[in-house]
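Please work through the exercises below with the sequence and the model open beside you, and try each task before you read its solution.

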Amino acid sequence: MDGIPRTCYIYMKAIQMFKTIRGDAPDYLRSPFTCATDKHARLLRSSNFQLYTAKPRLEIYQNIFVCLGSSVWNSLPSYIHNSNSVQHCKALYLRWVNSK
């Protein structure tokens, strides 16, 4: 992450997660992710498109793609999850970030 502003880094992770969840990424990137509803028996309104995030045992694992990507994805509003395309996702994300 050195040399890349944090907001840009999170933006790139959010777009990569959108591609991964929507099936535009290779299997090796998609397979480690599990929907929260697959892990938990009760359904919550907020669990729509939410990913299960296991707590890493070591601090170093907090920055791997599965942990960081899940965290970024779960922080996004549902209307970004429901985007029709990558371009639409990018536009909605930038609008959301600028409105904060």
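The exercises that follow go from the overall fold to a helix pair and then to single residues.

**Exercise 1. The fold and its confidence**

Task: Determine how many helices and strands the protein has, and which elements have the lowest and the highest mean pLDDT.

Solution: Begin with the origin of the coordinates, since this is a predicted model and its confidence values should be read alongside its geometry. The protein averages a pLDDT of 81, and 81% of the residues score at least 70. Next, count the elements: there are six helices and zero strands, so that the order along the sequence reads α-α-α-α-α-α. Comparing the elements, helix α3 (residues 36-39) has the lowest mean pLDDT, at 62, whereas α6 has the highest, at 96. Finally, consider the chain as a whole: of its 100 residues, 31% count as buried, and among contacts with a separation of 6 or more, 50% join residues 24 or more positions apart.

**Exercise 2. The pairing of α1 with α6**

Task: Describe how helix α1 packs with helix α6, giving the angle, the distance between the axes and the residues that meet.

Solution: First take the geometry, in which α1 (residues 6-22) and α6 (residues 86-99) pack at an angle of about 145° with their axes 10 Å apart, and the crossing of α1 past α6 is right-handed. Then list the partners: α1 contributes T7, I10, Y11, A14, I15, F18 and K19, which meet V86, C89, K90, Y93 and L94 of α6. Sorted by class, this contact comprises nine nonpolar, one polar and two charged residues. The spacing of such positions can be read against the general rule that an α-helix has 3.6 residues a turn, so residues three or four places apart point the same way.

**Exercise 3. A lysine in α1 and the buried residues of α4**

Task: Decide whether K13 is buried or exposed, and find which residues it touches beyond four places in sequence.

Solution: Locate K13 in helix α1. Its relative accessibility is 19%, and because the cut-off for buried is under 20%, K13 counts as buried. Leaving out residues up to four places away in sequence, K13 touches F65, L68 and V72. Now turn to helix α4 (residues 65-75), whose buried residues are F65, C67, L68, G69, S70, V72 and W73. The cover over these buried residues of α4 includes α1, α2 (27-30) and α5.

**Exercise 4. Two serines in different surroundings**

Task: For S83 and S99, state where each is placed, whether each is buried or exposed, and which backbone oxygen lies by its side chain.

Solution: Start with S83, which is placed in the loop between α5 (78-81) and α6. S83 is buried, at a relative accessible area of 5%, and a polar atom of its side chain lies 2.7 Å from the backbone oxygen of I80. Beyond four places in sequence, S83 touches F18, R22, H88, C89 and L92. Continue with S99, which is found in helix α6 and counts as exposed at 57% relative accessibility. A polar atom of the S99 side chain lies 2.8 Å from the backbone oxygen of W96.

**Exercise 5. A residue before the first helix**

Task: Work out where I4 lies and what its relative accessible area is.

Solution: I4 lies in the segment before α1. With a relative accessible area of 33%, I4 is partly exposed, and beyond four places in sequence I4 touches Y9 and M12.

Conventions:
Residues are numbered from 1 along each chain as its sequence is written. This is a predicted model: local features need pLDDT of at least 70, side-chain atom pairs count only at pLDDT 80 or more; totals for chains, interfaces and linings use all residues. Side-chain values use heavy atoms; hydrogens and water are left out. Axes are lines fitted to C-alpha atoms, for helices over the stretch in contact, and angles run from 0 to 180 degrees between N-to-C directions. Helices (H or I, at least four residues) and strands (E, at least two) are DSSP runs, numbered from the N terminus. A crossing is left-handed if the near helix is turned anticlockwise from the far one by less than a right angle, and right-handed if clockwise. Contact means heavy atoms within 4.5 Å. Ala, Val, Leu, Ile, Met, Phe, Trp, Tyr, Cys and Pro count as nonpolar, Asp, Glu, Lys and Arg as charged, and the others, Gly among them, as polar. pLDDT is the predictor's confidence in each residue, from 0 to 100. Buried means under 20% relative accessible area, exposed over 50%, partly exposed in between (1.4 Å probe, protein chains only). A polar contact is a pair of N or O atoms within 3.5 Å; within protein, one must be able to donate a hydrogen and the other to accept it, and residues adjacent in sequence count only if both atoms are side-chain atoms.
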